[in-house]
Amino acid sequence: MRPIALKILYQGFNYHGFQIQTSSDNTIAHHLLKALQKTCLIEDKEKSSFACCGRTDSGVSAFCQVVTLKIRSKLTSPGEESDDNELPYLKMLNNNLPRDIKVVAWSPVPEKYSARFDCLFRNYKYWFPQAGLDIDAMHKAAQYLVGTHDFRNLCKMNVGNGVVNFRRLVTHAGVTSAWQNVQFNDSHHNICEFNIRSQGFLWHQIRCIMSVLFLVGQGNEKPEIIQQLVDIEKYPRKPVYPMVRGEPLNLYHTEFDNLTWHYDEIEVSHVLRDLHEDWSLLSIKATMLGEMIKDTVRESKCTMGDLDINHLIEGEFSRPGRILSETGEVRSRND
């Protein structure tokens, strides 16, 4: 057995998050551990010291998920012999994983190295259509996230799992236009992204932040609302507001020290081929829907009205008002 790290990408749209759950087998970790055990690379989760760097929610994808574990090796002296002669980990696992979950690289790691605790920074992105949003105001609001703040008003409290410290350092946050949709002669269909980087995140932190940024973009809140919500002395009680959906969110990049990633050229080419096929089919569907929209507008002389992003909002308050009242009080469930 030897300790290694695995770099994994997955499309999380059809899964109930990364973590193992008692109520569902449809999680990323369940399928990964099943493949590891089927190939006899590990005996079970506990003995393998399995750990991940990002416990993504239901529907959330990852481009750079990293897990560490102790895994079977065919080398007599792992770390001393050439890793070129190691077991073909990527091929063994990818042959037993679903099409939308793939391992793209592996790296040797020291003993007791942990994907969770040795990750230097995590970078998430959230993509969304511009749909009339004021992107400049959203970007200005995102700047108030940078620095060390108490984010208890911008996350889901998880004190049941022992989380009592809500202070996190955010090193970068911004909202920008990611790419222009040339199929439409407007900015509403352009895709924008919220990009945030931190050493660690709280439960649902990004989805809560994104919900508030949408309110800013819609003109329902000023950019300074973020500055107010991280002032827990002035606002010690979390306001009521909905979260955004998880599907547009992805664990975009993770940073570690002293990892030497091994890529199997043949195996990665298979992964890229599958990704291209998925992209091609989804792009064709998006193009067809776009043409349906344009043709229907042209033939009927009707318009879609004001476009919005309310379909990305979850829960009871899908069209909320302001978070803070004019008197500065937080919005309660009865308001």
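The exercises below, each with a worked solution, concern a predicted model.

**Exercise 1. Burial and surroundings of alanine 51**

Determine whether alanine 51 is buried or exposed, and find which residues it touches beyond its sequence neighbourhood.

Solution. Begin with the secondary structure, where alanine 51 falls in strand S2, a run that covers residues 51–52. Next take the relative accessible area, which is 17% for alanine 51; because the cut-off for a buried residue is under 20%, alanine 51 counts as buried. Then list the contacts, leaving out residues up to four places away in sequence, and the partners of alanine 51 turn out to be Val66, Val67, Thr68, Ser114 and Ala115. Finally, a distance can be added for a residue outside that list: the C-alpha atom of arginine 72, which is 21 residues from alanine 51 along the chain, is separated from that of alanine 51 by 16 Å.

**Exercise 2. Threonine 68 and its polar partner**

State where threonine 68 lies, how its accessible area classifies it, and which backbone atom lies 2.9 Å from a polar atom of its side chain.

Solution. The first step places threonine 68 in strand S3, which spans residues 61–71. The second step reads its relative accessible area, 1%, and threonine 68 is therefore buried, the limit being under 20%. In the third step the contacts are collected, again without residues up to four places away in sequence: threonine 68 touches Ile4, Ala5, Ser49, Phe50, Ala51, Tyr113, Ser114 and Ala115. The last step turns to one of these partners, since the backbone nitrogen of alanine 115 lies 2.9 Å from a polar atom of the threonine 68 side chain, a distance that falls within the 3.5 Å limit for a polar contact.

**Exercise 3. Valine 175 in its strand**

Identify the strand that holds valine 175, and decide whether the residue is buried or exposed.

Solution. Valine 175 belongs to strand S7, residues 167–179. With a relative accessible area of 3%, valine 175 is buried. Its contacts, once residues up to four places away in sequence are set aside, comprise Phe128, Ile135, Met138, His139, Ala142, Glu193, Phe194 and Leu213. As a further distance, the C-alpha atoms of valine 175 and glutamine 227 are 16 Å apart in space, while the two residues are 52 positions apart in sequence.

**Exercise 4. Domains and the two largest pockets**

Describe how the chain is divided into domains, and work out which elements and residue classes line the largest pocket and the second largest pocket.

Solution. Start from the domain assignment, which gives domain 1 as 2–117 and domain 2 as 125–192 + 199–244; the C-alpha centres of these two domains lie 31 Å apart.

Proceed to the largest pocket, whose volume is about 2,000 Å³. Its lining consists of 43 residues, with Phe13, Trp179, Ile191, Leu282 and Ala286 nearest the centre. The elements that each supply at least two lining residues are strand S1 (2–10), S3, strand S5 (121–129), strand S9 (249–255) and helix H6 (265–300), and H6 gives the most, with eleven residues. By class, the lining holds 24 nonpolar, 13 polar and six charged residues. Domain 1 and domain 2 each provide at least three residues of this lining.

Treat the second largest pocket in the same order, beginning with its volume of about 1,100 Å³. Of its 35 lining residues, Arg55, Arg116, Phe201, Leu202 and Trp203 are closest to the centre. Two or more residues come from each of S5 and helix H4 (205–217), with H4 giving the most, namely three residues. The classes here are 15 nonpolar, 13 polar and seven charged, and at least three lining residues are again drawn from each of domain 1 and domain 2.

**Exercise 5. Enclosed space**

Find how many cavities of 30 Å³ or more the model holds, and establish which element gives the most to the lining of the largest cavity.

Solution. The count comes to two cavities of 30 Å³ or more, and the largest cavity has a volume of about 50 Å³. Its lining is made up of Leu9, Gln11, Arg99, Asp100, Ile101, Lys102, Val271, Asp274, Leu275 and Asp278. Assigning these to elements, one finds that strand S4 (101–108) and H6 each supply at least two residues, and that H6 gives the most, with four. Sorting by class completes the solution, with four nonpolar, one polar and five charged residues in the lining of the largest cavity.

Notes. Residues are numbered from 1 along each chain as its sequence is written. This is a predicted model: local features need pLDDT of at least 70, side-chain atom pairs count only at pLDDT 80 or more; totals for chains, interfaces and linings use all residues. Side-chain values use heavy atoms; hydrogens and water are left out. Buried means under 20% relative accessible area, exposed over 50%, partly exposed in between (1.4 Å probe, protein chains only). A polar contact is a pair of N or O atoms within 3.5 Å; within protein, one must be able to donate a hydrogen and the other to accept it, and residues adjacent in sequence count only if both atoms are side-chain atoms. Contact means heavy atoms within 4.5 Å. Domain bounds come from an automatic or database domain assignment. On a 1 Å grid over the protein atoms alone, a cavity is a set of points where a 1.4 Å probe fits but cannot get out, and a pocket is an open set with protein on both sides within 12 Å along at least five of seven lines; lining residues have an atom within 4 Å of a point. Grid points are joined across faces, edges and corners, and a volume is the space filled by probe spheres set on the points. Ala, Val, Leu, Ile, Met, Phe, Trp, Tyr, Cys and Pro count as nonpolar, Asp, Glu, Lys and Arg as charged, and the others, Gly among them, as polar.
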